[in-house]
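Visitor: I am new to this structure and would like to learn how to read it. Could we take it one feature at a time?

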Amino acid sequence: MAQRLHLVFGGELVDPTKSVFKDVDDIHIVGMYPDYQSAYDSWKAEAQRTVDNAHMRYFIAHIHRLRDEEAEASSTEELG
C-alpha cells in the first residue's frame, strides 16, 4: 500500500485573498503526516490558534499527489 503523506504549513500572507506569503523565510512548517485526518487535525488547530490574524493562513499539501508512483524513478532517487 502506498503511503499518503500530507504536509501542513502556513504563514502570513501579503493579501488574505491570495496565496502569496509575506516572507517565505518565515513559513511555519507544522509537520508531515501519514494520513489526511492527522493533517487536518493539525491544520485545524493551527488555523484556530491564529484566527485573530486575517493574514495568517495554513494549508495542507498532498505530498503523495506530487509523485506518479507508476513512473520510473529518476537517477537521483535511485541513489537515495
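Visitor: Which residues does Glu46 touch, not counting residues up to four places away in sequence?

Guide: This is a predicted model, so each contact described here belongs to a prediction. Leaving out residues up to four places away in sequence, Glu46 touches His28, Val30 and Tyr58. Glu46 itself lies in helix H1.

Visitor: Is Glu46 buried or exposed?

Guide: Buried means under 20% relative accessible area. Glu46 has 14%, so Glu46 counts as buried.

Visitor: What separates the C-alpha atoms of Glu46 and Phe59?

Guide: These two residues are 13 apart along the chain, and 9.8 Å lies between their C-alpha atoms.

Visitor: Which residues does Ser42 touch, under that sequence limit of four places?

Guide: Ser42 touches Val8, Val30 and Tyr33. Its place is in helix H1. With a relative accessible area of 14%, Ser42 is buried, because the cut-off is 20%. Val30 appears in the contacts of Ser42 and in those of Glu46.

Visitor: How should I read the sheet, and in what order do the strands come?

Guide: In general, strands of a sheet pair through backbone hydrogen bonds, either parallel or antiparallel. Here 3 strands make an open sheet with the order E2-E1-E3, and the pairing is antiparallel. The edges are strand E2 (28–33) and strand E3 (56–62); each has a single partner strand, so one side of each has no neighbour in the sheet. From one strand to the next, the twist averages 15°.

Visitor: How many bridges join E1 and E3?

Guide: Strand E1 (residues 6–12) pairs with E3 over 7 bridges, in the antiparallel sense. One residue to look for is Val8, whose bridge partner in E3 is Ile60.

Visitor: Where does H1 pack?

Guide: H1 packs on the sheet and touches E1, E2 and E3. The direction of H1 makes about 170° with that of E3.

Visitor: How do I read a pair of aromatic rings?

Guide: A pair of aromatic rings is described by the distance of the centres and the angle of the planes. In this structure the count comes to 5 aromatic pairs. One of them is Tyr40 with Trp43, a tilted pair at 5.4 Å centre to centre, with 35° between the planes. Both residues lie in helix H1 (residues 36–49), 3 residues apart, which is about one turn of the helix.

Visitor: What are the relative accessible areas of Tyr40 and Trp43?

Guide: Tyr40 has 29% and Trp43 has 26%. Partly exposed covers the range between the 20% and 50% cut-offs, so Tyr40 is partly exposed, and Trp43 is partly exposed as well.

Visitor: Which residues form an aromatic cluster?

Guide: Phe9, Phe21 and Phe59 form one aromatic cluster.

Visitor: What pattern does the protein follow along the sequence?

Guide: The pattern is β-β-α-β-α, made of 2 helices and 3 strands.

Visitor: What part of the 80 residues is buried, and how much area does the protein expose?

Guide: Buried residues make up 21% of the 80. The exposed area is about 6,100 Å², and carbon and sulfur atoms supply 52% of it. As for contacts with a separation of 6 or more, 59% involve residues 24 or more positions apart.

Terms used
Residues are numbered from 1 along each chain as its sequence is written. This is a predicted model: local features need pLDDT of at least 70, side-chain atom pairs count only at pLDDT 80 or more; totals for chains, interfaces and linings use all residues. Side-chain values use heavy atoms; hydrogens and water are left out. Rings of Phe, Tyr and Trp (its six-membered ring) pair if their centres lie within 6.5 Å; planes under 30 degrees apart count as stacked, over 60 as edge-to-face and the rest as tilted. Helices (H or I, at least four residues) and strands (E, at least two) are DSSP runs, numbered from the N terminus. Buried means under 20% relative accessible area, exposed over 50%, partly exposed in between (1.4 Å probe, protein chains only). Contact means heavy atoms within 4.5 Å. Accessible areas come from the Shrake-Rupley method with a 1.4 Å probe; for residues, only the protein chains shown count as cover. Two strands pair if DSSP finds at least two bridges between them. Axes are lines fitted to C-alpha atoms, for helices over the stretch in contact, and angles run from 0 to 180 degrees between N-to-C directions.
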